Amino acid sequence: MPYGFGSALVACAADDEPVCGLAYTCPPVRLIDQYAELGRRGQRDLASALTELELLAVAEHTRRSGVGTRLLAAVEERASRDGGRLLFAKIRADDRPVLGWYRRRGYRLAADREPVVIDVADAVISFDDGGDGYRLAVKSLDAARQVRRIVAPGGTYLTIMASSPVIPSRPSSAMSYRYGKR
């Protein structure tokens with residue numbers, strides 16, 4: 001793969017038990033491909049900074065036992081250790097229980113088509129949910145920084161900021177990508 005590989009974590013109650021949970025992460029390839037102007041190095045920097053949680057599934061018989069929470073924590077720890085700055089997942093906009101589950105675990109939920117703006121590879125990168133019925137759940141992987149909602153002329157956006165923010169105006173030169181299915 002041009003930007004690194006995906007990673008799967010599997011949870012089992014015991015070695016001889018069936019799988020009870022699975023988490024799969026990868027670089028957001030479709031997003032990274034949109035930034036060819038960054039060059040190969042810039043695209044690799046973007047791949048290192050952003051981790052997409054493509055799948056988090058827990059077997060029905062083990063739900064509400066903490067398996068999903070432990071898998072998510074392991075994903076966050078691994079992505080952070082690998083140099084990641086931001087972890088995000090796309091969740092069906094009408095799946096309130098799952099959206100609430102992410103919120104309770106420290107994720108900021110983007111509104112419909114609300115952009116996430118991040119400074120990577122000397123460029124301001126912007127992406128959103130793609131308007132396809134999903135919402136983004138976003139979390140900073142740096143304990144000293146948080147995902148904040150910024151109110152700016154023309155709307156709001158999410159970005160990573162130090163815990164005591166100085167709120168910037170939204171960069172007008174932000175490169176933008178609608179993160180969705182083609």
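Colleague: Among contacts in the protein chain between residues at least 6 apart in sequence, what share joins residues at least 24 apart?

Modeller: This is a predicted model, in which local features need pLDDT of at least 70, side-chain atom pairs count only at pLDDT 80 or more, and totals for chains, interfaces and linings use all residues. Residues are numbered from 1 along each chain as its sequence is written, and side-chain values use heavy atoms, with hydrogens and water left out. Contact means heavy atoms within 4.5 Å. For contacts between residues at least 6 apart in sequence, the share that joins residues at least 24 apart is 63%.

Colleague: What share of the residues of the protein chain counts as buried?

Modeller: A residue is buried under 20% relative accessible area, exposed over 50%, and partly exposed in between, with a 1.4 Å probe and protein chains only. Of the 182 residues in the protein chain, the buried share is 43%.

Colleague: How many helices and strands does the protein chain have?

Modeller: Both are DSSP runs numbered from the N terminus: helices are H or I with at least four residues, strands are E with at least two. The protein chain has four helices, and its strands number eleven.

Colleague: In what order do the strands of the open sheet stand?

Modeller: Two strands pair if DSSP finds at least two bridges between them. β1 (7-12) and β5 (108-109) each have a single partner strand, so they stand at the edges, and one side of each lacks a neighbour in the sheet. The sheet has six strands with mixed pairing, in the order β1-β2-β3-β4-β8-β5.

Colleague: Which residue of β2 stands opposite Leu9?

Modeller: β1 pairs with β2 (residues 19-26) in the antiparallel sense, over six bridges. One bridge joins Cys12 to Val19 in β2. Opposite Leu9 stands Ala23.

Colleague: Which side chains of β1 point to one face and are buried?

Modeller: In a regular strand the side chains alternate between the two faces of the sheet. Along β1, Ala8, Val10 and Cys12 point to one face and are not buried. Those that point to the other face and are buried are Ser7, Leu9 and Ala11.

Colleague: Which residues of α4 are buried?

Modeller: Helix α4 (residues 96-104) packs on the sheet, touching β3 (50-58), β4, β5 and β8. The buried residues of α4 pack against those strands and also against α3 (67-81). They are Leu99, Gly100, Trp101 and Tyr102.

Colleague: Which residues touch the most other members of the largest nonpolar core?

Modeller: A nonpolar core is a set of buried Ala, Val, Leu, Ile, Met, Phe, Trp, Tyr and Cys residues joined through side-chain atoms within 4.5 Å. The largest has 23 residues, and the elements giving two or more of them include α1 (29-33), α2 (39-49) and β7 (123-128). Apart from this core lies another, of 21 residues, with Leu9 and Trp101 among them. In the largest core, the residues that touch the most other members are Leu46, Leu50, Leu86, Ile125, Phe127 and Val138.

Colleague: How many Å separate the C-alpha atoms of Gly42 and Asp122?

Modeller: Gly42 is placed in helix α2. Because its relative accessibility is 5%, Gly42 counts as buried. Gly42 and Asp122 are 80 residues apart along the chain, and their C-alpha atoms are separated by 8.2 Å.

Colleague: To which backbone oxygen does a polar atom of the side chain of Thr159 lie 2.8 Å away?

Modeller: Thr159 is in strand β10 (residues 155-162). Its relative accessibility is 12%, so Thr159 counts as buried. Beyond its neighbours within four places in sequence, Thr159 is in contact with residues including Gln146, Val147 and Ile150. The backbone oxygen that lies 2.8 Å from a polar atom of its side chain belongs to Val117.

Colleague: Is Arg64 buried or exposed?

Modeller: Most residues other than glycine have a negative phi, and most peptide bonds are trans. Arg64 has a positive phi, near 65 degrees, and is not a glycine. Arg64 is found in the loop between β3 and α3. Because its relative accessible area is 88%, Arg64 is exposed.

Colleague: What is the phi of Arg113?

Modeller: Arg113 lies in the loop between β5 and β6. At 40% relative accessibility, Arg113 counts as partly exposed. Although Arg113 is not a glycine, its phi is positive, at about 60 degrees.

Methods. Polar contact = N/O pair within 3.5 Å; in protein donor to acceptor, adjacent residues only side chain to side chain. Axes fitted to C-alpha atoms, helices over the stretch in contact; angles between N-to-C directions.
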